Amino acid sequence: MPPSSSSETARPVLSSLSPALTSSVRCRGPESEWVSRQVRAMAAAWARGEQITVEELLKQYPELSTEKAVRLVYEEVCLRREAGEQVVTAEVMTRFPQWKDELELLLSCDRLLWPLSRATDFPEVGEQLGPFRLLSELGQGASGKTYLAVEPALADRLVVLKIIPDDQEEHLSLARFQHTHIIPLFSEQTFPDRGLRALCMPYLGGTSLARLLEALAEVPLEQRRGRHLLEALGRVQAGHLPLPASDEGPYRRYLDQASYIQAICWIVACLADALHEAHAHGLVHMDVKPSNVLIAADGLPLLLDFHLARKPIKSGERVADRLGGTPGWMAPEQAAALKAVSLGQPVPEPVNRRADLYPLGLLLCEALCGPGAGIEGASGKPWQHRNSQVSPGLADIVQKCLAVKPAERYLDAATLADDLRRHINDLPLRGVANRSFMERWRKWRRRRPSALARGTAWSFTVLALVVAAAFGYAFYLQHVREAETDLEDGQKLRVEHRFPEAVRILTRGSERASAILAPQHLKEMLDQQLRLAKLGRLATDLHHLADLFRFSYGITPPGGEEARNLVGKVPAIWAKRNLLLKPEGVALDAELEQGIRIDLLELAIVWADLRVRLASKSAVNEALREACRLLDQAKATCGASPALNRERRAYAKALGEIGSFHEPDIPPRTAWEHYDLGRSYLRSGLTSEAAEEFQRTLELRPQDFWPNFYQGLCAYELGHFEDAIAAFRTCIALAPTTAECYYNRARAADALKLTRQAFSDYSRALELDPSLAVAALNRGMLSYKAGRTDDAIADFHRALLARPDSETVGRTHYSLALAHLAKGDRTSALASAQEAVARGYRKAGDLSESLRRGQ
């Protein structure tokens, strides 16, 4: 079996990193032996309590090469961590500026791949941890420990506690999942005094699929039945505290009567259902393997351990947050991404939902044909010969999961689950060719066991003729089925709003249909779905641009450079407004049409506002007239709204043409109209009025993201910081991978002097969006106020590397000047202050002058 990530995690060593990354810290031959001796001597000294530093070694060996020195620095970092010290990268680089580049790259990779940075004070069995009493330890993994516990306050309810360090991330969005095959998350509790977080889940008994397969090792593969899984489950649970499981439960009844092949296919189909649910919430599991599959006491399969789950990774993306996986259980693109991160390089190809299908194929191999079958399947070698019960169709399903190219795997987990259930029920497969005539014949006979007995002698003649005709017609039918599958998959993708993929699949289906003279109705349906998918893709582009405007223009308008960039993005999509709302040959559904109108109005109103704000004094009147024309176009295209009328009246008044605008006020009626009017009030500086409109929106639709987000911005602006934190907490629950939510919650926490929470939220925002310069700037200010000037300077430089707008650049240089001054570096402080002045940051003027006079 491939190794499991549940094995004990050793401290990082240089050899675990990639060759290119550690080329500067590896030595060979006698040099390597010398460094190894020094490393052993350092470790022995630290074990005796003598904390030898690299500086002491440099005094003895001043001519050390970069390779030797950096390896010794890294060894000291590891020793300090093992001693329980907090290691700050900026401090290490400050101590050794001559090797800054090598150390920054090495320690950044070390922190990403091995994030545990301090010894963890895990509780002992028998302890009381908050409301829980720990009964026994169930297991230990790379990210923490798992315990069986009781809650005395809830009638001694049995629960499972996963306890991890409080600086580790586990997707709390799992709490929102309502799926039969995903272990539910009851609650999360933090214990700051011990640096721990506890995730509370139900105790369902049972054991992992990995242990079940080990327990079945003595039963020959071809003799196994589903009931053997239940017998193994009983043996493994013996001596533990299983929940009562009725032999009459539906899952146990199914496993008891199923063949082994059917049982494994059913288990994997259930896991595929669970993955499809996670994928629909924007998460890729990243660690599917038998040890992360629970077979509960009642026979129910559940997917566990989402601690590595993350949003999909785009091609060319530089991953800043945690990335992991288990060697031997990763898709090729996931392994390539991990290697790229270790090299400090962008990810070479996307890692998305299809990466989770690959380990499901490995799991099928191992479960159906025993240990080692997964390795053979992944390498393209025949594996199904180990078990004669694995049919060609099932083998094809597995091989489709194990395709090296993600595009050649199943479209998604749901289509894989469908094919597995079709195989269980002896139905023709949809995702792969039904290439074996004998298998199709056997399935037909099992579906219709009495049909053959009712036949007569002439039936055989007819059958022979049908078979001959079928072979002659097979090519045509197979390609028709492929086109039909493309239609079905494309339509499904379109309904799920995955429009680029839908366009690709439907285009392929349309080409296939044209090449084989498919039935006319099939061609027409493919063409119609393709037009809808292209429309959806364009509508998605519009929505992304509208959301960019919503994030960028909150309480205050964006700065000049940012505003001009935003304005420049609008004309191309605005020119297609009629194509969006009146597409040829396509009937828009009401929800899509309403969404397009809302986004177009958002663009038009904010576009008009920014054009007026960006206009020079001599061009203001022309900008006002253009704004009026633009809003008139928006009204003609999308209809009137309270916010549009209010903005249009304001522009007419500014032009002295108020008499020319005769539209009456429209009272807001829908949730969106209240929200849109609130946005209009915000742009006018009427924060209290805006907050009232957002509150009315939430009374109608409390589940919507944007009114919660803007309610939080209003609360912050009005000084109601606790309300702001509550609003952004809701936003995080609704959109857990949105950096702006963490950033704004951090600002509110900072205003309340909740420094630890603010620092944590700024850090999370930067993990999600490394280019969020204001988050780096604000986190740097927290470090500066706490006296951690090196960390502050590192964050200020990070903010500048993100290429923010000119105003933020000025503020950042001013903050750098303060940090350099706090360190006593007046020369650097003066240079930063002068740069801030050059960027137009007025507060820096006095500081610059003071520093210049003091020279």
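Me: What span is expected at 1.5 Å a residue for the 13 residues of helix H23 (residues 642–654), and how far apart are its end C-alpha atoms?

Reply: The expected span of a helix is 1.5 Å times one less than its number of residues. For H23 that gives 18 Å, and the end C-alpha atoms lie 19 Å apart, which agrees. Before we go on, please note that this is a predicted model, in which local features need pLDDT of at least 70 and side-chain atom pairs count only at pLDDT 80 or more, while totals for chains, interfaces and linings use all residues. Residues are numbered from 1 along each chain as its sequence is written, and side-chain values use heavy atoms, with hydrogens and water left out.

Me: Where do labels such as H23 come from?

Reply: They are DSSP runs numbered from the N terminus: helices are H or I with at least four residues, and strands are E with at least two. In this protein the tally is 34 helices and nine strands.

Me: Which residues of H23 are buried, and what covers them?

Reply: Buried means under 20% relative accessible area, exposed means over 50%, and partly exposed is in between, with a 1.4 Å probe and protein chains only. In H23 the buried residues are Pro642, Ala643, Leu644, Asn645, Glu647, Arg648, Tyr651 and Ala652. Their cover includes helix H21 (590–614), helix H22 (620–638) and H24. After H23 comes glycine 656, with a positive phi near 75°.

Me: How many residues of H24 are buried?

Reply: H24 is mostly covered, with 13 of its 13 residues buried. This helix (residues 671–683) reaches 19 Å from its first C-alpha to its last, close to the expected 18 Å. Glycine 685 follows H24, and its phi is positive too, near 85°. For the protein as a whole, 48% of the 855 residues count as buried.

Me: Let's turn to strands. Which strand pairs with E4 in a hairpin?

Reply: Two strands pair if DSSP finds at least two bridges between them. Strand E3 (residues 144–151) pairs with E4 in the antiparallel sense over seven bridges, and alanine 149 stands opposite valine 159 in E4. The two strands make a hairpin with five residues between them, where alanine 155 in the turn has a positive phi of about 55°. E4 is also joined to strand E6 (residues 196–202) by seven antiparallel bridges. Two of the residue pairs are isoleucine 163 with alanine 198 and isoleucine 164 with arginine 197.

Me: Why is E4 described as largely enclosed?

Reply: Seven of the nine residues of E4 (residues 157–165) are buried, so the rest of the structure largely encloses this strand.

Me: Which residues of E6 point one way and which the other?

Reply: From E6, Leu196, Ala198, Cys200 and Pro202 point one way, Arg197, Leu199 and Met201 point the other way, and all are buried. E6 also pairs with strand E5 (residues 187–191), antiparallel over five bridges, and serine 187 stands opposite cysteine 200. The hairpin of E5 and E6 has four residues between the strands, and glycine 195 there takes a positive phi near 65°.

Me: What is the order of strands in the open sheet of three?

Reply: The order is E7-E8-E9, with antiparallel pairing. Strand E7 (207–208) and strand E9 (301–303) are at the edges with a single partner strand each, so each has one side without a neighbour in the sheet. Strand E8 (residues 293–295) is joined to E9 by three bridges, with leucine 294 partnered by leucine 302.

Me: At what angle do helices H26 and H28 pack?

Reply: Axes are lines fitted to C-alpha atoms, for helices over the stretch in contact, and angles run from 0 to 180 degrees between N-to-C directions. Helix H26 (residues 705–717) and helix H28 (residues 739–751) pack at about 25°, with axes 11 Å apart. That makes H26 roughly parallel to H28 (under 35 degrees is roughly parallel, over 145 roughly antiparallel, 65 to 115 roughly perpendicular, and the rest oblique). Their crossing is left-handed, meaning that the near helix is turned anticlockwise from the far one by less than a right angle, whereas clockwise would be right-handed.

Me: Which residues of H26 meet H28?

Reply: Contact means heavy atoms within 4.5 Å. Phe705, Phe709, Leu713 and Tyr716 in H26 meet residues of H28, among them Glu740, Asn744 and Arg747. An α-helix has 3.6 residues a turn, so residues three or four places apart point the same way. Glutamine 711 is also in H26, and at 15% relative accessibility this residue counts as buried. Leaving aside neighbours within four places in sequence, glutamine 711 is in contact with Ala691, Phe694, Gln695, Leu698 and Ala727.
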